[in-house]
Structures are given as structure tokens and as C-alpha cells.
Amino acid sequence: MVDIHVTVNGAPHHDEVEPRLLLVHYLRESLGLTGTHVGCDTSQCGACTVLLDGKSVKSCTVLAAQADGAEVTTIEGVASGGVMHPVQNAFHQEHGLQCGFCTPGMVMAAIDLLQRTPHPTDEQIRIGLGGNLCRCTGYHNIVKAVKAAAEKMAPAVAEEPPRQSIHTPIGVPIVH
Ligand code: FES
Ligand code: FES
């Protein structure tokens, strides 16, 4: 077993975990934070995206032990004082979700994208969210939602050079 200290959504946690335990399973099963979804378990869908020390990661590709000493933010931690995060609000306003399964991961990836690129073009949004798949294929409204959130958030964040995503552009639905 491995001893870990991790701060999740601002709350400190100290646990003993199996070395092979994935962060997504630690969040969902040990902490009960089921807003982080498991869509594929193979690093393809992005439904499990969380922020690890402020940067988006697929939590099915990270061991819980690797989060020792880190700060993790999940979808449960982005609203403040009962008020939705601007990205959450924009997804609601712009109909950026259908079944909602991909939405927590999309929101977390979009928050990271807007921290790095406060004024993204449509293409930058599609590239930035390239690692997140929506099986309902609601990509157009997701892009609109991220643009709307950018307009609300831009004055509060500093411009950083855009970063190339390691993922392919969104737009191709998964067919199982
Ligand atoms: S569950 Fe992690 S990428 Fe799909
Ligand atoms: S809204 Fe259903 S998978 Fe994206």
C-alpha cells in the first residue's frame, strides 16, 4: 500500500491506496466524487478529465499514488458558493450537452484551455478539446459554449501562447 496526501477540491485527504489504483477510481470510489466519469478506461474519451495542479489530465491515465502532494480539482469543485463556473453556465446556456456523460470532462478540459488561451478561435477550441469525445456529437454547441465562456472570462485571465494539443481535433464520434 502507498500513503498519499492529496488535496481534492480544496479539502485535504490522507489515504492508503494500492499502488495500481487509478486516480479516477480513487476519486469515484474512495472519495465518492462520481462527477468524474469513466467512458473508456483507455485514455481515449476524456470523460475522466480533472485538473492536476491546475492542468487537465485524463485521470484514467494517472495513478492515485502519482497525485501524492498534488491538488486535484474535479467537476464538483469548480462552482463557487452555489454559483456555476462560467464554463458550466455557458454549457447550460448554449446547449453544450445532450446526455451529459462527456460534459464534466469537457468542462474541465475547457477550463484548462481558457487558462492557456483566453481568446480561442473555433479551431483552437476544437484542437484544445481534441482529447474529449462526445458520443452525442454535440460538438458545434460545445464550441459555442466555450466561446461564450471565453467572452465572460477573458478580462480575468492573462493571455498565454496557445499550446498544441496532443490530441486530434474533435468531430468524429465513437462508434462501438
Ligand atoms: S475514461 Fe479516461 S479517457 Fe476515457
Ligand atoms: S452530451 Fe452525450 S456524450 Fe456528450
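Asp112 and Arg116 sit four residues apart in helix α3 (residues 103–116), so about one helical turn separates them. In this predicted model, their side chains meet in a salt bridge, with 3.5 Å from N to O. Both partners are worth a look for their burial: Asp112 counts as buried because its relative accessibility is 3%, and Arg116 counts as buried at 11%. The helix that carries them, α3, lies across β3, β4 and β5, which brings us to the sheet as well as to the other charged pairs.

**Salt bridges**

- How many salt bridges does the structure hold? There are three, and the pair within α3, Asp112 with Arg116, is one of them.
- Asp122 and Lys147 form another, with their side chains meeting at 3.0 Å from N to O. This pair links distant parts of the chain, 25 residues apart: Asp122 belongs to helix α4 (residues 122–128) and Lys147 to helix α5 (residues 139–153).
- Asp122 has a relative accessibility of 38%, so it counts as partly exposed. Lys147 is likewise partly exposed, with a relative accessible area of 33%.
- Arg20 forms a salt bridge with Glu18, and here the closest N and O atoms are 2.9 Å apart.
- Is Arg20 buried or exposed? Its relative accessibility is 66%, so Arg20 counts as exposed. Glu18, at 36%, counts as partly exposed.

**The sheet**

- Five strands make an open sheet in the order β2-β1-β5-β3-β4, and the pairing is mixed. Its edge strands are β2 and β4 (55–58), each of which pairs on one side only.
- From one strand to the next, the twist averages 40°.
- Helix α3 packs its path over part of this sheet: it lies across β3, β4 and β5 and runs at about 40° to β3.

**Around strand β1**

- Which strands pair with β1 in the antiparallel and parallel senses? Strand β1 (residues 2–8) pairs with strand β2 (residues 11–17) in the antiparallel sense, over seven bridges. With strand β5 (residues 71–73), β1 pairs in the parallel sense, over two bridges.
- β1 and β2 form a hairpin that leaves two residues between the strands. In that turn, Asn9 has a positive phi of about 50°.
- Thr7 is a handy residue to follow across the sheet. Its bridge partner in β2 is Pro12, while in β5 Thr7 stands opposite Glu71.
- Val8 stands opposite Val72, again in β5.
- As a reminder when looking at these strands, side chains in a regular strand alternate between the two faces of the sheet.

**A buried loop residue**

- Where does Thr36 lie? Thr36 has its place in the loop between α1 (23–30) and β3 (49–52).
- Although it belongs to a loop, Thr36 is buried, with a relative accessible area of 1%. That value falls under the 20% cut-off, so the residue counts as buried.
- Leaving aside neighbours within four places in sequence, Thr36 is in contact with Val24, Leu27, Arg28, Ala47, Cys48, Val50, Ser59, Thr74, Ile75 and Glu76.

Technical notes. Residues numbered from 1 in each chain as written. Chains lettered and ligands numbered in written order. Predicted model: local features only at pLDDT ≥ 70, side-chain atom pairs only at ≥ 80, totals over all residues. Heavy atoms only, no water. Pairing = 2+ DSSP bridges. Salt bridge = Lys/Arg side-chain N within 4 Å of Asp/Glu carboxyl O. Buried < 20%, exposed > 50% of the residue type's maximum accessible area, 1.4 Å probe, protein only. Contact = heavy atoms within 4.5 Å. Axes fitted to C-alpha atoms, helices over the stretch in contact; angles between N-to-C directions.
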